Amino acid sequence: MRGLMMDTPLLVSSLIRHAAAVYGDQEIVSRTVEGPIHRYGYADAHHRSQQLANALASLGVEAGDRIGTIAWNTYRHFEIYFAVSGMGAVCHTMNPRLHPSQILYMLNHAEDRYVFVDQTFVPLIEQVASQAAALKGVIVMTDRASMPDSTLENLICYEDLIDGHSDSFEWPEFDEWTASSLCYTSGTTGNPKGVLYSNRATVLHSLTVAMPSVLNLSDSECILPIVPMFHANAWGIPYATAMTGTKLVMPGARLDGEAVYELLNDERVTFTAGVPTVWIMLLAYMREHGKKLNHLDRIVIGGSAAPRSMIRAFEEEFGVEVRHGWGMTEMSPVGAINTLSPAMRALPEEERLDIQSKQGRPPFGVEMKITDDAGNALPHDGVAYGELKVKGPFICSGYLGLEESEAHADGWFDTNDVASIDGQGYMQIVDRKKDIIKSGGEWISSIDLEDLAMGHPDVMQAAVIGIAHPKWDERPLLLIVPTSGRTPNKQDILSYLEDKVAKWWLPDDVVVVESFPIGGTGKVLKTELREQFKNYELP
Ligand code: ADP
């Protein structure tokens, strides 16, 4: 028997329509690329999205067309998200930190017809636009006065483009399975692969993200997503804030400790989200200048493992609840989030941190299992570990132009991460498959070693890589970036680790470096470190 409920498609346009109707005055605040702070309400954002949709239609943009963006988190990028997906086209966000050849690859692979860029990225698009076969024009996200000089042919000013167009647009109703946005994986190995989100998945993911045990969004919250809108839709935050009327604060191009701190405090942000490298800068700034966080309640740390020392710093030193999170571009991207039960909150600090260091529990909408090499499911006992596989309505079923992918063998998506899952559903990442150190037939988790090393006061950042070894296959090398003003001593660091790990886990050597190569998504680039140290001779 079929239920008797309306057949209403789940569309991205419904999110902004709802925000405008119910939370029209709620603020969206941006640090603009031009400099000043810009503020307006969801109703204004909806009007300007409609103007933009009319403008794009007048350029000949049709349903299904791919429209690129290379841009920071600002209100104009927010308008593009809703205008493009709302009219039935596909918003293709690109990561400006990728190599120009990869940008060109994505422009051509997606066959983008127009691309929106911030002023900052005009020189980048100038390098590749002429080779992008389908590209008809470049729209600079600024006003006439701030338009840069450029050699590009069809260069359009955003404010000129929308000016004069009606701020009312009849958002079309279409199949909820229609693609809404496109984001390529970073392509650390091989070419980037396109993850094609649907309207349906985006709305379902927003519901999940908004839940109390995930981000707990509502109109009494204020969120600052440091995670970029060019990477996995800023963890789905722009959609989920529209759904819930959460005040949204966007950092523009400035992600340094001082700029982030200013926004957190001035805008009374209650909740923020980003990768560990950003929080290292914020912590350093606050400590150096004796700053406190007056309004912030919670912080999500994800994208790479949150070091225990960082969780401790936010919880104990700054009084902010840490929610460790894990996800992937392929998962829209939220896959797990770590919230604690009241009983766990009351545990002694170290026991609580043991749980918080895990990546967390899957929210509704994500199913997880771990398997051995033969694909047999392993027990959820917190001890066994294996390949982490996931499935659910906002997890990709293939890639653009690569519908049949190896990662999707048995109806599950293989994350390429190795993990354990405990009896209460908390998942812990052991390592990325390709980062695990294989020593004498056993595995050493680079994440665990890095985490322990970062507990030493002289260590600001740590990375562990495997170095080829004639007898053991691979042995761990610990690379560290020192805390400012400290001079770490190798023997001292090794002694510190000695009673914390099995003897055969101890790194064979420690090397102090000035900084680590950071990839497009703010993560330490292990591939590049392995390349740099490939001829390193262990003592
Ligand atoms: P990229 O592969 O460029 O990093 P993604 O953001 O999609 O792009 O990366 C997803 C991967 O990031 C995961 O498969 C996992 O290896 C890693 N990751 C994400 N969050 C965490 C976390 N909290 N702890 C450890 N690894 C994480």
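A polar contact is a pair of N or O atoms within 3.5 Å; within protein, one atom must be able to donate a hydrogen and the other to accept it, and residues adjacent in sequence count only if both atoms are side-chain atoms. This is a predicted model, in which local features need pLDDT of at least 70, side-chain atom pairs count only at pLDDT 80 or more, and totals for chains, interfaces and linings use all residues. Residues are numbered from 1 along each chain as its sequence is written, and side-chain values use heavy atoms, with hydrogens and water left out.

**Exercise 1. The ligand**

Task: Find the residues that come nearest to the ligand, then list polar contacts of the ligand.

Solution.
- Step 1. Take the residues near the ligand (one heavy atom within 4 Å of it). There are 16 residues around the ligand. Ser186, Gly325, Thr329, Asp417 and Lys523 come nearest.
- Step 2. Look at Lys523. A polar atom of its side chain is 2.6 Å from an oxygen atom of the ligand.
- Step 3. Turn to Asp417. An N or O atom of its side chain lies 2.7 Å from a ligand oxygen.
- Step 4. Go to Ala305. Here a polar backbone atom is 3.1 Å from a nitrogen atom of the ligand.
- Step 5. Check the cover. Alone, the ligand exposes 560 Å², and the protein buries 92% of that. Such areas come from the Shrake-Rupley method with a 1.4 Å probe; for residues, only the protein chains shown count as cover.

**Exercise 2. The shell**

Task: Which strand gives the most residues to the shell around the ligand? How many shell residues are nonpolar, polar and charged?

Solution.
- Step 1. Find the strands (DSSP runs of E, at least two residues) and helices (H or I, at least four), numbered from the N terminus. Strand β14, residues 321-327, gives the most, with four residues.
- Step 2. Sort by type. Ala, Val, Leu, Ile, Met, Phe, Trp, Tyr, Cys and Pro count as nonpolar; Asp, Glu, Lys and Arg as charged; the others, Gly among them, as polar. The shell has three nonpolar, ten polar and three charged residues.

**Exercise 3. Salt bridges**

Task: Place two salt bridges in the chain, then find the network that holds their residues.

Solution.
- Step 1. Apply the cut-off: a side-chain nitrogen of Lys or Arg within 4 Å of a carboxyl oxygen of Asp or Glu. The structure holds 36 salt bridges.
- Step 2. Take Arg76 and Glu34. Their closest N and O atoms are 3.2 Å apart. Arg76 is in helix α3, and Glu34 is in the loop between β1 and β2, 42 residues apart.
- Step 3. Take Glu159 and Arg48, which meet at 2.8 Å, N to O. Glu159 lies in helix α6 and Arg48 in helix α2, so the pair ties together parts 111 residues apart in sequence.
- Step 4. Join them up. Glu34, Arg48, Arg76, Glu79 and Glu159 are linked in a network of salt bridges.

**Exercise 4. Buried or exposed?**

Task: Are Arg76 and Glu34 buried or partly exposed? Do the same for Gln51, then trace its contacts.

Solution.
- Step 1. Use the classes: buried is under 20% relative accessible area, exposed over 50%, partly exposed in between (1.4 Å probe, protein chains only).
- Step 2. Arg76 has 6%, so Arg76 is buried. Glu34 has 29%, so Glu34 is partly exposed.
- Step 3. Gln51 lies in helix α2. Its value is 16%, so Gln51 is buried.
- Step 4. The side chain of Gln51 reaches the backbone oxygen of His165 at 3.2 Å. Contact means heavy atoms within 4.5 Å. Leaving out residues up to four places away in sequence, Gln51 touches Ile162, Gly164, His165, Ser166 and Asp167.
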